[in-house]
Amino acid sequence: MDADGGTEFPILCETCLGENPYVRMTREKMGRECKVCARPFTVFRWLPGRGMRYKKTEICATCARLKNVCQTCVLDLEHGLPVQVRDAALSIQETVPRQDGNRRDYMAQAAGRLETVGGAADYSGRAQPAGREMLKQMARKEPYYKRNRAHICSFFVKGQCTRGSECPYRHEMPQADPELSKQNIVDRYHGNNDPVARRMLARSAARDDRLAPPEDRSVTSLFVRDVDPSLTQADLTAHFAAFGDLKSVALVPKNSCAFVNYKTRAAAEAAAQAARGGCVVGGHALRVGWGRARPKGPQELRGPSGDAHASDRAQGSGGPRIPAPPGAADGGMYPSQDPTAQGAAAK
Ligand SMILES: [Zn+2]
Ligand SMILES: [Zn+2]
Ligand SMILES: [Zn+2]
């Protein structure tokens, strides 16, 4: 290990490394200052695949090990999640001091400690079972190579690119997200004030809210939204019968929803619990929540709060709703990972 904590090979997530694990890297000792601790470190550069853009390490190996994150994208190595999301799930307190004075000493000590221990910080080992479960559900399961794509062609954007299919840059229009463009690597590293993380946590909280068992134990039905038109009552029955005996499954194609009524509370709770990891039937993701208490008199089937805006409220964190950036549906992304990010265009 080098004095700066650097090694023969950088600490990278699968996505940043690219599809070919034998990729050639250039290595520049003391090439730049780490964006987190400001100490000079060994910078690696490589091309993660055809049609991709060159990548480089942004933070030093010591900083990366301390938080078990990738030296380039600063996402958690084990789950591909923002530090803020991981630490919220695991209830980890900030331990790396932000202030420059303390940080120098801290980093020097930390580097020595890591050298003796020799490994990355063990994060998920410390987690409570619920936190570990949450991470498992939110984790990105596959590498996401799209993140490494070439930058957008700035000439194309102005309608002036003459290189056509020979152009090494992408010919598409950029889509910006104003809130996301304000994020920075230091905040993401420390897990503070990270808009992508906030959005992921809000989504997870909304799902947990919908799936918390209602106090009224007479409720034994689930309300299912986003039912794709291609799904049949038989599809839903086949899926939900796995958790216990069904009383009925009522599909309402007009509203893309369904009511799944169980004979017992235990079965409904089992189905709701299973839906915490997301519910996918026939390749379509469904939103599952608890139904309401049955009204007295003729049976009336309604959504959890009986109005069309319930899901909107449940999703939001109170602020204005922000349109998701491209790629947000599968976990969110940062401008620094987004080839269309400002300041990153070709030339
Ligand atoms: Zn550093
Ligand atoms: Zn990475
Ligand atoms: Zn072009």
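User: What makes the arrangement around the zinc ion (ligand 1) tetrahedral?

Analyst: In this predicted model, the four donor atoms around the zinc ion (ligand 1) subtend angles of 104 to 118°. Four donors count as tetrahedral if all angles lie between 85 and 135 degrees, and the arrangement is therefore tetrahedral.

User: Which atoms are the protein donors of the zinc ion (ligand 1), and how do you know that they count as donors?

Analyst: They are the SG atoms of Cys34, Cys37, Cys60 and Cys63, lying 2.3 Å from the ion. Donors are N, O and S atoms within 2.8 Å of the metal, so these sulfur atoms at 2.3 Å qualify. Along the chain the donors follow the spacing C-x2-C-x22-C-x2-C. Of these residues, Cys60 and Cys63 are both buried.

User: What is the geometry at the zinc ion (ligand 3), and how do you know?

Analyst: The site of the zinc ion (ligand 3) is tetrahedral, with angles of 98 to 118° among its four donor atoms. The criterion is that all angles lie between 85 and 135 degrees, so the site satisfies it. Its protein donors are Cys153 (SG), Cys161 (SG), Cys167 (SG) and His171 (NE2), at 2.2 to 2.3 Å from the ion, and their spacing along the chain is C-x7-C-x5-C-x3-H. Two of these residues link distant parts of the chain: Cys153 belongs to the loop between helix 5 (129-138) and helix 6 (154-157), and His171 to the loop between helix 6 and helix 7 (185-190), 18 residues apart.

User: Why is Cys153 called buried, and why is His171 called partly exposed?

Analyst: Buried means under 20% relative accessible area. Cys153 has a value of 0% and is therefore buried. Partly exposed covers the range between that limit and the 50% above which a residue is exposed; His171, at 31%, therefore counts as partly exposed.

User: What does the UniProt annotation cover in this region, and what is the helix and strand content there?

Analyst: The unreviewed UniProt entry annotates residues 147-174 as "domain: C3H1-type". Over residues 147-174 the chain is 14% helix and 0% strand, and the end C-alpha atoms are 14 Å apart.

User: Where is Lys146 found, and why is it called partly exposed?

Analyst: Lys146 is in the loop between helix 5 and helix 6. Its relative accessible area is 48%; exposed requires over 50% and buried under 20%, so Lys146 is partly exposed. Its C-alpha atom is separated by 10.0 Å from that of Gly51, a residue 95 positions away along the chain.

User: What makes strand 5 and strand 7 the edge strands of the open sheet?

Analyst: The open sheet has five strands in the order 5-6-4-8-7, with antiparallel pairing. Strand 5 (246-252) and strand 7 (279-281) each pair on one side only. From one strand to the next, the twist averages 30°.

User: How do you know that strand 5 and strand 6 pair?

Analyst: Two strands pair if DSSP finds at least two bridges between them. Strand 5 and strand 6 (residues 257-262) have six bridges in the antiparallel sense, so the requirement is met. As one example, Leu251 has Ala258 in strand 6 as its bridge partner. Helix 9 (residues 233-240) packs on the sheet, touching strand 4 (221-225), strand 5, strand 6, strand 7 and strand 8 (284-290), and its direction makes about 140° with that of strand 5.

User: What makes helix 3 mostly covered?

Analyst: Seven of the eight residues in helix 3 (residues 83-90) are buried, namely Val83, Gln84, Val85, Arg86, Asp87, Ala89 and Leu90. Helix 3 is followed by Ser91, whose phi is positive, near 55°.

Conventions
Residues are numbered from 1 along each chain as its sequence is written. Chains are lettered from A and ligands numbered from 1 in the order in which they are written. This is a predicted model: local features need pLDDT of at least 70, side-chain atom pairs count only at pLDDT 80 or more; totals for chains, interfaces and linings use all residues. Side-chain values use heavy atoms; hydrogens and water are left out. Donors are N, O and S atoms within 2.8 Å of the metal (3.2 Å for Na, K and Ca); water is not among the atoms, so sites may look incomplete. Four donors count as tetrahedral if all angles lie between 85 and 135 degrees; four count as square planar and six as octahedral if opposite donors are over 155 degrees apart and all others between 65 and 115; anything else is irregular. Buried means under 20% relative accessible area, exposed over 50%, partly exposed in between (1.4 Å probe, protein chains only). Helices (H or I, at least four residues) and strands (E, at least two) are DSSP runs, numbered from the N terminus. UniProt positions are given in the numbering used here, feature names are shortened, and annotations may be inferred rather than shown by experiment. Axes are lines fitted to C-alpha atoms, for helices over the stretch in contact, and angles run from 0 to 180 degrees between N-to-C directions. Contact means heavy atoms within 4.5 Å.
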